[in-house]
Amino acid sequence: MAKPMSKVSEAQLIPISFTLNGRLQEIEVQPHELLLDVVRERLGLTGVKRSCDVQVCGACTLLVDGRPVSACTTLAFEVRGRSVLTIEGLAENGKLHPLQQAFIDHGGFQCGFCTPGMILAAKALLDENPDPSEAELKHFMHGNICRCTGYKKIIESIMAAAKTMRSGK
Amino acid sequence: MLRRFRLEEPESVSEVSELLGRFGDSAKIYAGGTELLLAMKEGLVQYERLINVKKLKCKDVTLESGQVTIGALCTHHELETSQAIKENLPAFAKLEHNVANVRVRQVGTIGGNLCFAEPHADPGTLLIALDAKMIAEKSASTREISAEKFFIDAFETALEPDEVLTQIVIPAPTASARNAYLKFGYLERPSVGVAVAFNLNGQISSMRIAVGCAGPAPRRVQEAEALFEGKSKDDAERNLAEAGLLAGRAAEAISDLHGSQEYKEHIVGVLLKRAFLSALS
Amino acid sequence: MEFQKEVEIRAPREKVWRFIWDVDRFIACVPGCKEAKTIEEGKRYAATMVEKVGPFKVEFPTNIEVLEREEMTRIKAQASGADNKIGSRMKLDLDVNLRDEGDKTVLGFVAGVDILGKLAALGHGIIKRKADQVLDEFAQAVKKQLEGDS
């Protein structure tokens, strides 16, 4: 027997519960809301950027359950029951994450626009593969575009951070 | 900003099929959304309802009775890291490893990729060469569609409006099986893809060649296969140039931003040669 | 995008010419064309063009204007339409000509098609193929209509 269908014109609110940078969030979203807009506009975390808006450049990279997704092309309700990490959630008790420190020490950014996404993607890489070869690093990071640095310093930063993290922070 | 739509979250294939039948063009299946949401953001398509199929049980990869069965909801990431696929279909694991970028691989599903039928995509081409079968289900029935009959045209598959792709079945390659997939592109999506699959027992047999991305849909190029069938490795190698020409012409290449028709035909020939040699090694 | 098509019809030129001006029958040959209206006989017409490429559908309310007319020989027309839902416009320049070939008539046309706006995002190649298909189907439908009722 078919369920009675709700009218398209009525707003559909989906209650979602998820952890954001380690803290529990309980909000209601409409199906068509994008994760990028919810994080930036409703939750006020503007580290994640809208850049190409077609999931090609990586500036909108967020980690959901530790894995990189394009927030610009993710419906917000999809993070229900999951953990979301933004760049604001990397530093712990004021201490920068090794990746953040490495990007500073090795000049891994210039204008900084791609950097939050770049660092989060690198974190996902190193969580999956703590000792990547340069080829493996490049393959993983292939979807994060930078217009300033020419990538050399980004690779150096990530490799340096990987070394630091392997030696136990 | 997307236009408003209602979200439906059915829990069975029949429910999905019923929703599709009831709402027709105003509803669309939504899985990873990596293609669909882009088209919606561009304003190229509009739907009153999206049918989230991620509650369906189509996520397994199994090896049974000489067949590798892949659930349509498997993401590219799940496929590239699947032991069963890495062991039995390494060329397919490699293909999945190179789809788009890490974020698309994380959420994009093989089912979504095949059903959206974007011309510039990888999996369909290799699946044709591997003689895969697509399992399409609706409320009362199930049927098998061979990969080479699945892709009709750009963005058009053989699925009926109320059918759901649930599984892809690939014959597990035997010890004498060889296959390879190579692609070429410098834009975000691949421009040309060529797949070969054959058995080598002194002679080449069951040769299958498929070309994708260059034309509106991936297709098998039987015209070129005849130059390999029954030949020894060395004889086949001598035919590579001619096979490349035939395959290029059969590709129905379209001149676009990815390159002219002639350029793509040429690349088809180059990739066919390299894929064949790669499959041999 | 330019297209050139020619179709041989086993019917005398006068019959083909009259068919072209029989708006309802003529429009029925254009794939995706519906609701044809005559606004000014022989000069201005309106119709709705609906085309689909996979899931991408466009609906262009179209205005057609006959620019030049050479009895029994040639028609020059222009059509344009816009689909505001998709943010795309279509422009068509059409040159239709008729000539005798023995007891048959050759109907030829040169069509210049321009698609502007979001739809172009689908890719020039795909749109060109679709336009080519539509024109082919149209030519064959005209031939069938005219040869069918003899």
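How many residues of domain 1 of chain A are in contact with domain 2 of chain A, and how many of domain 2 are on the other side? Keep that one in mind for a minute. Before I get to it, a quick reminder that what we're looking at is a predicted model.

Okay, chain A. It's divided into two domains: domain 1 covers 14-89, and domain 2 covers 98-166. If you take the centres over C-alpha atoms, 21 Å separate them. And here's the count I asked about: 15 residues from domain 1 of chain A touch 13 residues from domain 2 of chain A.

So what does the domain 1 side look like? Two strands of chain A, β3 (61-64) and β4 (67-70), each supply at least two residues to it. The largest share is from β3(A), with three residues. By residue type, that side of domain 1 has nine nonpolar, four polar and two charged residues.

Now to a pair of helices in chain A. Helix α2, residues 98-105, packs with helix α5, residues 152-166, and the axes are 8 Å apart at an angle of about 135°. That angle is why we call α2(A) oblique to α5(A). For the handedness fans, the crossing of these two is right-handed.

Which residues make that contact? From α2(A), you've got P98(A), L99(A), A102(A), F103(A) and D105(A). Coming from α5(A), there's S157(A), A160(A), A161(A), T164(A) and M165(A). Sort the residues of this α2(A) and α5(A) contact by type and you get seven nonpolar, two polar and one charged.

Let's move on to the chains. Between chains B and A, the contact takes 21 residues from B and 25 residues from A. On the chain B side, the elements giving two or more residues are β1 (6-8), α2 (36-42) and α6 (102-107) of chain B. Of that side of chain B, the largest share comes from α6(B), with five residues. And the mix there? The side of chain B that touches chain A has nine nonpolar, four polar and eight charged residues.

Chain B also has a contact with chain C. That one takes 13 residues from chain B and 14 residues from chain C. The chain B side of it divides into seven nonpolar, three polar and three charged.

So if you're scrolling through the structure later, start with β3(A), which gives three residues to the domain 1 side, then go to α2(A) and α5(A) with their right-handed crossing, and finish on α6(B), which gives five residues to the side facing chain A. That's me done, thanks.

Terms used: Residues are numbered from 1 along each chain as its sequence is written. Chains are lettered from A and ligands numbered from 1 in the order in which they are written. This is a predicted model: local features need pLDDT of at least 70, side-chain atom pairs count only at pLDDT 80 or more; totals for chains, interfaces and linings use all residues. Axes are lines fitted to C-alpha atoms, for helices over the stretch in contact, and angles run from 0 to 180 degrees between N-to-C directions. Helices (H or I, at least four residues) and strands (E, at least two) are DSSP runs, numbered from the N terminus. Angles under 35 degrees count as roughly parallel, over 145 as roughly antiparallel, 65 to 115 as roughly perpendicular and the rest as oblique. A crossing is left-handed if the near helix is turned anticlockwise from the far one by less than a right angle, and right-handed if clockwise. Two residues are in contact if their C-beta atoms, placed from the backbone, lie within 7 Å. Ala, Val, Leu, Ile, Met, Phe, Trp, Tyr, Cys and Pro count as nonpolar, Asp, Glu, Lys and Arg as charged, and the others, Gly among them, as polar. Domain bounds come from an automatic or database domain assignment.
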